[in-house]
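Please open the model in your viewer and keep a selection box ready, since each stop on this tour begins with something to select.

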Amino acid sequence: MINASIAIQVLPDVVSDAEVVRIVDEVIAHIKSYNLKTFVGPFETVVEGDYDTLMQIIKESGLIAIKAGAPSLMSYIKLSYNPNEEILTIDEKTSKYHK
């Protein structure tokens, strides 16, 4: 059941834009390895699934950025969670804008 979604933005504290993109690409690749519905936007990545899996993704995303070479980082996270029923999906929220 899809009872949660997150929007996650990982900002590695590095000097060059190219290095930011390289590290963020590694984080996104890790997120996509979960094979959950994912929407990559210009400022954040949105993922939907079950709450526990999404909490694991949040934890691991920062660790992946550090392993990729970020000496430190800032992460910004939004969470939508309803333990009793499904939430609005990415497609329900955005499909009318992507026709």
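The tour goes from a helix pair to single residues and then to the pockets.

This is a predicted model, in which local features need pLDDT of at least 70 and side-chain atom pairs count only at pLDDT 80 or more, while totals for chains, interfaces and linings use all residues. Residues are numbered from 1 along each chain as its sequence is written, and side-chain values use heavy atoms, with hydrogens and water left out.

**Stop 1: the helix pair**

Select helix α1, residues 17–32, together with helix α2, residues 51–67, whose axes come within 9 Å and cross at roughly 145 degrees. Helices here are DSSP runs of H or I with at least four residues, strands are runs of E with at least two, and both are numbered from the N terminus. The axes are lines fitted to C-alpha atoms, for helices over the stretch in contact, and the angles run from 0 to 180 degrees between N-to-C directions. Two packed helices are described by the angle between their axes and the distance between the axes.

Now show side chains at the place where the helices meet: Ile-23, Glu-26, Val-27, His-30 and Ile-31 on the α1 side, and Ile-57, Glu-60, Ser-61, Ile-64 and Ala-65 on the α2 side, where contact means heavy atoms within 4.5 Å. By class, this contact of α1 with α2 has 6 nonpolar, 2 polar and 2 charged residues; Ala, Val, Leu, Ile, Met, Phe, Trp, Tyr, Cys and Pro count as nonpolar, Asp, Glu, Lys and Arg as charged, and the others, Gly among them, as polar.

**Stop 2: two buried residues**

Stay on helix α2 and select Ile-57, which lies in that helix. Ile-57 counts as buried because its relative accessibility is 0%, where buried means under 20% relative accessible area, exposed over 50%, and partly exposed in between, with a 1.4 Å probe and protein chains only. Leaving aside neighbours within four places in sequence, Ile-57 is in contact with Ile-6, Ile-31, Tyr-34, Leu-36 and Val-47. If you draw a distance from the C-alpha of Ile-57 to that of Ile-23, 34 residues apart along the chain, it comes to 16 Å.

Follow the last of those contacts to Val-47, which is found in strand β3. Is Val-47 buried or exposed? Val-47 is buried, with a relative accessible area of 0%. Not counting residues up to four places away in sequence, the residues that Val-47 touches include Ala-4, Ser-5, Ile-6, Leu-54 and Ile-57. Val-47 and Leu-79 are 32 residues apart in sequence, and 9.8 Å separates them in space, C-alpha to C-alpha.

**Stop 3: two exposed residues**

Go next to Asn-35, in the loop between α1 and β2, residues 37–40. Asn-35 has a positive phi of about 55 degrees although it is not a glycine, and Asn-35 is exposed, with a relative accessible area of 69%.

Then select Met-1, whose place is in the segment before β1. Met-1 is also exposed, at a relative accessible area of 61%, and, with neighbours within four places in sequence left aside, Met-1 is in contact with Gly-49, Asp-50, Glu-85 and Glu-86.

**Stop 4: the pockets**

Select Phe-43 in the loop between β2 and β3, a residue that counts as exposed at 64% relative accessibility. Phe-43 is one of the residues closest to the centre of the largest pocket, along with Val-10, Val-24, Pro-42 and Glu-44, among the 16 that line it. About 270 Å³ of space lies in this largest pocket. On a 1 Å grid over the protein atoms alone, with a 1.4 Å probe, a pocket is an open set of points with protein on both sides within 12 Å along at least five of seven lines, and lining residues have an atom within 4 Å of a point. Helix α1 gives the most to the lining of the largest pocket, with 6 residues, and the lining by class has 12 nonpolar, 3 polar and 1 charged residues.

Finish at the second largest pocket, with a volume of about 230 Å³, where a volume is the space filled by probe spheres set on the points, and grid points are joined across faces, edges and corners. Of its 16 lining residues, Glu-44, Val-46, Ile-90, Lys-93 and Thr-94 lie nearest its centre. The lining of this second largest pocket divides into 8 nonpolar, 4 polar and 4 charged residues.
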